[in-house]
Amino acid sequence: MTSFATNAAKALPYSESTDTYVQDTVRWLERAVIGLNLCPFAKSVHVKGQIHHVVTLVAAAEDVLAVLREELQALANTPAEVRDTTLVVVPHCLHDFLDFNDFLGDVDDVVHAMGLEGTLQVASFHPQFQFAGTDADDVTNCTNRAPYPTLHLLREASIDRAVSVFPEAETIFEHNMEVLEEIGMAGWLALDVGPHGNGGKSIVATVATDDISPTRGPGV
């Protein structure tokens, strides 16, 4: 069974349920990442319950890094058959994509400082993700869009195993572009994989309009 956790250290000064954030993330995973086959490796670990979902309510980037350190160490210490990968969802911080993109440099520094390069890596998703040279409403940007800023902690060994059984892994990016262009933005919105309010009502995320440089590719 997929595991869930909440890290509320230095969180908001009021009680808040994290259920909606987890539900939104799982909905996005099932309907978009798996449903559109944007990542052919995601279904197996999801079905086996090997994805660990962490929602942290912290509101400062340095606190996100603290949570990241904890989860990287926990993943490294846990057998892959129990926890193959971790999604760290950050609903109250790093809302601006440019800030998030800059923050990823600090993420790399943490992985390096912990001596985990070559063992673990961190991919990323953001609701405002935008490839360089595209408009904010270009549907191809949705390959890297999740309901909330999300860090995806992966095992290098798991990536290697997945690629070994999927020899045409380099075609995934092109396939994803084709799929999204085929369904269009209307089709993406129909999936209802954005953030939701406490009543379950979909909230249309604000999309950045400035020119933005590309960042990491899909991780899940």
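**View 1. V54 sits in strand β2, which spans residues 51-56.** Welcome to a predicted model, in which local features need pLDDT of at least 70, side-chain atom pairs count only at pLDDT 80 or more, and totals for chains, interfaces and linings use all residues. Residues are numbered from 1 along each chain as its sequence is written, and side-chain values use heavy atoms, with hydrogens and water left out. Strands (E, at least two residues) and helices (H or I, at least four) are DSSP runs, numbered from the N terminus. V54 is buried, at 0% relative accessibility. Here, buried means under 20% relative accessible area, exposed means over 50%, and partly exposed lies in between (1.4 Å probe, protein chains only). Look also for L151: V54 and L151 are 97 residues apart in sequence, yet their C-alpha atoms are 9.8 Å apart in space.

**View 2. The whole chain has six helices and five strands.** Following the sequence, you meet them in the pattern β-α-α-β-α-β-α-β-β-α-α. Of the 220 residues in the chain, 50% are buried. A search of the whole structure finds three salt bridges, and the next three views take them in turn. A salt bridge is a side-chain nitrogen of Lys or Arg within 4 Å of a carboxyl oxygen of Asp or Glu. Side chains of opposite charge can pair when their charged atoms come close.

**View 3. R27 and D24 form a salt bridge through their side chains.** The N to O distance is 2.8 Å. Both residues belong to helix α1 (residues 19-34), and because they are three residues apart there, about one helical turn separates them. D24 is buried, with a relative accessible area of 1%.

**View 4. E71 and R83 meet in a salt bridge, with 4.0 Å from N to O.** E71 is part of helix α3 (residues 61-77), while R83 is in the loop between α3 and β3 (85-89), so this pair ties together parts that are twelve residues apart in sequence. Are these two partners buried or exposed? E71 is buried, with a relative accessible area of 10%, and R83 is buried too, at 16%.

**View 5. D84 pairs with R161 in a salt bridge and also has a polar contact with S158.** The salt bridge between R161 and D84 has an N to O distance of 3.9 Å. This pair links distant parts of the chain: R161 is in helix α5 (residues 156-164) and D84 is in the loop between α3 and β3, 77 residues apart. R161 is partly exposed, with a relative accessible area of 47%, whereas D84 is buried at 10%. S158 is also found in helix α5, and S158 is buried at 13% relative accessibility. The side chains of S158 and D84 make their polar contact at 2.7 Å. A polar contact is a pair of N or O atoms within 3.5 Å; within protein, one must be able to donate a hydrogen and the other to accept it, and residues adjacent in sequence count only if both atoms are side-chain atoms.

**View 6. Six residues, E168, E170, E174, E178, E181 and E182, gather in a patch of negative charge on the surface.** Such patches are made of residues with over 30% relative accessible area and no salt bridge, with like charges joined within 9 Å. One of the patch members, E181, is in helix α6 (residues 172-190). E181 is exposed, at 55% relative accessibility.

How values were computed:
Patch = residues over 30% accessible without salt bridge, like charges linked within 9 Å, V, L, I, M, F, W, Y side chains within 5 Å. Areas by Shrake-Rupley, 256 points an atom, 1.4 Å probe, with all protein chains shown as cover. Lys, Arg positive; Asp, Glu negative; His and termini not counted. Charge placed at Lys NZ, Arg CZ, Asp CG, Glu CD.
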